[in-house]
Amino acid sequence: MNCWSLGNAGNASKSGRSGPHRRRLMMLMWIILSSSLCLMVDGQMKISPETVQQWAVSFGKEIAAVSTRYSGSKLLQKKYKDVEAVVKLEEVNGEELVKKFTEEMEEMLGRKMKSVKRLAEAAEDADLYHEYNDTLEFEYFNSMLINKMDEDGNPIPLGGEFLLEENEHFNKLPVNTQQSNIQVPTNVYNRDPDIVNGVYMSEALNDVFIDNFQKDPTLTWQYFGSASGFFRLYPGIQWIPDENGVVTFDSRKRNWYIQAATSPKDVVIVVDVSGSMKGLRLTIAKHTINTILDTLGENDFVNIIAYSDYVHYVEPCFKGTLVQADLDNREHFKLLVEDLHVKGEGKVKKAMKESFKILNEATAQGQGSLCNQAIMLITDGAMEDFQEVFEEFNWPERRVRVFTYLIGREMTFAENVKWIACNNKGYYTHISTLADVQENVMEYLHVLSRPMVINHDHDIIWTEAYMDSVLFNSQAQSLLLMTSVAMPVFSKKKETLSHGILLGVVGTDVALRELMRLAPRYKLGVHGYAFLITNNGYILSHPDLRPLYKEGKKMKPKPNYNSVDLAEVEWEDTEEKLRTAMVKGETGTLSLDVRTSVDKGRRVMFLKNDYFYTVINETPFSLGIVLSRGYGQYIFIGNVSVEEGLHDLLAPDLTIASEWTYCETDIDPAHRKLTQLQAVVRYLTGKEPDLECDVQLLQQTLFDAVVTAPMEAYWTALMLNASGMDDGIETAFLGTRSGLMRFQRYTGIEKRIGKSFLTPTDSENMFTLDHFPVWYRRATENPAGQFLYYFPQQETRAGRIVIATTAVTVTVGKKTAVAGAIGVQMTLDVLESTLWAIAAQPNDTDCSDVEGICPLRCDSIDLDCFVIDNNGYVLISKQRSDAGRFFGEVDGSVMTTLIRMGMFKRVSLFDYQAMCKMNLHSVSSTRPLLSPFYGLASTLKWFLSNFLLILLEFNFCSFWHTDHFADAKPSSFSSSVHKKKGDILQPCDTEYPSFIYEPSVKETNSIIKCGRCKKMFVVQQIPDSNLLMLVSQADCDCSRQFPALTMEPKEVKYNASVKCDRMRSQKIRRRPESCHSFHPQENANDCGGACCISLSVTLFLSCLFLSALLSR
């Protein structure tokens, strides 16, 4: 083949003057150079596709033989094949299944509701027969002070000996199951007559707590949150303050208290930002807004208006509308409130008109809560005439309540501000210091609760998911979330009926993991799952809900962890048909083609999911279950004797899923220390016949134990045959649909590379409440008997491991069900040594019929050789650091070409629960000073005026009444001042790629043009696996023309218009059934008041004098 001509003969002969020797030498150099250029341009000649194919076939056979031998997959498949004649294959009926799960959940939640009702009745009866005593002295157990001694060794007041014992049922915390105790927030005086009388009255709840726990041993915490501020908790515990010795927990701020105490509400907060509100007044106003926001929940709606000379919305996007007061929106408002500044004159009339228009518009359009409506006016004074505004918008019905908060020490306009509240069925409070905010804001809840109290409507409420702080410190991510059921407690005394006195709220917690146990995993198949949502469409429980994120070394709750919408998790439901039907409380089915991911989002799977859903009666919740076609359609049932099954169940290599419920161990305290396997054995042997066990699951487990029993002998025989063991084979394992696992360690712990594999800390590879092991789920991607190989995401200290796994099936007639998965974990060296031995043609290879380089060897510096999996991740490379990396990051040119050729497909996945670094958009501006003297005078004027303002506004009484004083920093002060904004993570949406191999393309090769060189590559499928062999030229760098392809997620940026539309959008929701907004017997004259204030005349005159002096 002629690549280059040697040029003109005349030119060649021209150099003959130098002699024949030199001419021959130049000819030889020209031939060598031409040959190298020929190879560089016609790159396809360097790599033989036939040779690569031979390597791939040989490598596939070798690794399949190793995987089959050490896992024993053929033996296990044969054992299940042998029993096909005696097993029954039944089709799973999703509609029946979701109905059964729901009935069991209704029964469980019904028991919790009965317990709460008994508490409410007992509390109301106790109050009815209790006579209030101003001078009552009563020593109670304060949970902060128990078991503490003074300097003389005597119990401190409100302390005393309080027996605490570690209890399995309460997360191994030291508790007292014979008595409750009292927690009082630091800012509440623990000997206040209201506190003492309330504690004494509520002692009657102790017996009810204990009785409830005996009737329903699955109950967790029971409690009574008093309207006066104390919190009675059963079982009693030692309450631990924060690092500053402060207890900030106030039950009245908890969502269960607020939802039970009031009906849903629409709230417009109107804040004065005129010039007179500067300094401490603005700080108090901001804290007041944030405290009001904290009293709102996802059934409420809100907006915030600021006014001075003109009216403006704190969030312009929300102009003229109400938005749901979910966690996202509340936190968004808090950030905006921090940026409020004072300026101009206060024109409150326009702001009030705008507020009424918002509320009227919401009612007219059927938006908002369609229940209570309120305006919260926060101001330091009101001089205008408001009557015509109320006459136009609110009188005579007074449908909108108006609550007023007078800020600062100035009382000049107190009567005006109080008049507004009293003439609109609201309440007036005066807030002069930060410490006053909490108690004064809570007053509005008592007013809104009046109609419900007078009518004695005991509505039971269920909260959205929230994170229990105790569990947060001790449990795994999937076990954190709780819901609470609560009920209000009213005064039944006739003399106070019209006042509608709320005594407090009683409730109990329900761990959502316990609720989800009633939808057992084994009935749903390898890719199936169950989930719960609220009436607002928010996730209560879902295996893809990720409530935590990592900040530094700590795991923290995400700001929006309990307001993740179903549409953000089941995002393939683009038309939100599933969400709409479930939110409406309907029963039905839906099928969707979905893209889902495994291995922490790195690998995509395409599934056909069938959704079945229904409402859980007497709750705002709906349950959904998912069955994946081909994986969860059928369940097989086989019978063995208890004696035979029990014998094999006791094998040392066998475990069962510790998080699954084979037998209920939480009912009898004597059973709580039993593992699931111990409980099963005790039940089957008759030692604990009273245990409540899942008979169907036990039947499947015993059957699987018998069928898989021969694997123990097979693995042991291999291990004992030391001469026949290959180095690097570490663990053989199997798992079945019943949660049963067997594994054999071929290598001792001291030599094992995969030390954490299949240990309790390796949750990804174990059966959990949320998922089957990764190797089990991935095994089902390939046909039974065909191994799938992958490189786990985590890296061990000593080296890296590879997992080979394959599915085991049972077939009856034309129906097939997955029985389990089996595999082997080996070191990377096993595959590497196999490949390098194969991918090297010997020097004496016959190259007569081979085009290109021959012999071809992967150890040549001119070649790069890789083994990659079906998602594009590198298993084997000459550079060991490449193992586990996405191939597109290693060689962007080849990966890009493979995508263009259709051998790999790029799939976009979305994460609507991501956390991104906050963008910095700070603008620094300065005002030039006219002169140094002017600047100094301005600074002095600012300092003195603000100092005088603080003197006037500061609550000096707190120095003398220290019992009532507390550090009441607003929440905005609590964030670290040292933390850079750029380091702060905030919720965001991200898109990230995943890649999947197209199996119909068995092989390909191509040439990539890269500037002055060309790169050839050959790709060949490795038979009976999910792997590909890739050989490419190493001497042509294409990185400048083809940048690396990364797997990094990218934040989805929304422009201002789209972002606003998303924030304003009102998704379909189901409103709570009950609403209590007004009652004709309500005493509207009880609308607050102002205390008498004595002003220091000397201080006041001094202030006036200095102010006049500075204004000159």
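## A walk through the cavity, one helix and three disulfides

Start with the secondary structure: select β25, since the largest share of the lining of the largest cavity, 3 residues, comes from this strand. Before going on, keep in mind that everything on screen is a predicted model.

**Stop 1: the cavity**

With β25 (634-637) still selected, add β33 (815-827); each of the two supplies at least two residues of the lining. Now bring up G525, Y631, Y634, R737 and V818, which lie nearest the centre of the largest cavity. They belong to a lining of 16 residues. How much space lies in the largest cavity? About 160 Å³. If you colour the lining by character, you should get 12 nonpolar residues, 2 polar and 2 charged. And if you run a search over the whole structure, expect 4 cavities of 30 Å³ or more.

**Stop 2: helix α3**

Next, select residues 49-71, which make up helix α3. Its 23 residues reach 32 Å from the first C-alpha to the last, close to the 33 Å expected at 1.5 Å a residue. Which residues of α3 are buried? Show T51, V52, W55, A56, F59, G60, I63, V66, S67, T68, Y70 and S71 as sticks. While you look along the axis, here's a handy reminder: an α-helix has 3.6 residues a turn, so residues three or four places apart point the same way. Then step off the end of α3 to G72, which follows the helix and has a positive phi, near 80°.

**Stop 3: the disulfides**

Time to display the cysteines. How many disulfides does the model have? The count comes to 8, and this tour visits C317–C1060, C371–C1075 and C1010–C1038 among them.

Zoom in on C317 and C1060, whose sulfur atoms sit 2.1 Å apart. Their link is right-handed, with 105° about the S-S bond. This pair joins distant parts of the chain, 743 residues apart: C317 is in the loop between β9 (311-313) and β10 (323-324), while C1060 is in helix α29 (residues 1056-1064). Buried or exposed? C317 is buried, with a relative accessible area of 10%. C1060 counts as buried too, because its relative accessibility is 18% and the cut-off for buried is under 20%.

Now move to C371 and C1075, a disulfide with 2.0 Å between its sulfur atoms. This is another link between distant parts of the chain, with 704 residues separating the partners: look for C371 in the loop between α11 (348-364) and β11 (372-379), and for C1075 in the loop between α29 and α30 (1097-1111). The torsion about the S-S bond of C371 and C1075 is about 105°, so this disulfide is right-handed. Switch on a surface here: C371 is buried at a relative accessible area of 14%, whereas C1075, at 36%, counts as partly exposed.

Finish at C1010 and C1038, where the sulfur atoms are 1.8 Å apart. C1010 lies in strand β38 (residues 1003-1010) and C1038 in the loop between β40 (1027-1033) and β41 (1050-1051), so the pair ties together parts that are 28 residues apart in sequence. The torsion about the S-S bond of C1010 and C1038 is about 95°, so this disulfide is right-handed. Both C1010 and C1038 are buried.

Definitions and conventions: Residues are numbered from 1 along each chain as its sequence is written. This is a predicted model: local features need pLDDT of at least 70, side-chain atom pairs count only at pLDDT 80 or more; totals for chains, interfaces and linings use all residues. Side-chain values use heavy atoms; hydrogens and water are left out. On a 1 Å grid over the protein atoms alone, a cavity is a set of points where a 1.4 Å probe fits but cannot get out, and a pocket is an open set with protein on both sides within 12 Å along at least five of seven lines; lining residues have an atom within 4 Å of a point. Grid points are joined across faces, edges and corners, and a volume is the space filled by probe spheres set on the points. Helices (H or I, at least four residues) and strands (E, at least two) are DSSP runs, numbered from the N terminus. Ala, Val, Leu, Ile, Met, Phe, Trp, Tyr, Cys and Pro count as nonpolar, Asp, Glu, Lys and Arg as charged, and the others, Gly among them, as polar. The expected span of a helix is 1.5 Å times one less than its number of residues. Buried means under 20% relative accessible area, exposed over 50%, partly exposed in between (1.4 Å probe, protein chains only). A disulfide is a pair of cysteine sulfur atoms within 2.5 Å.
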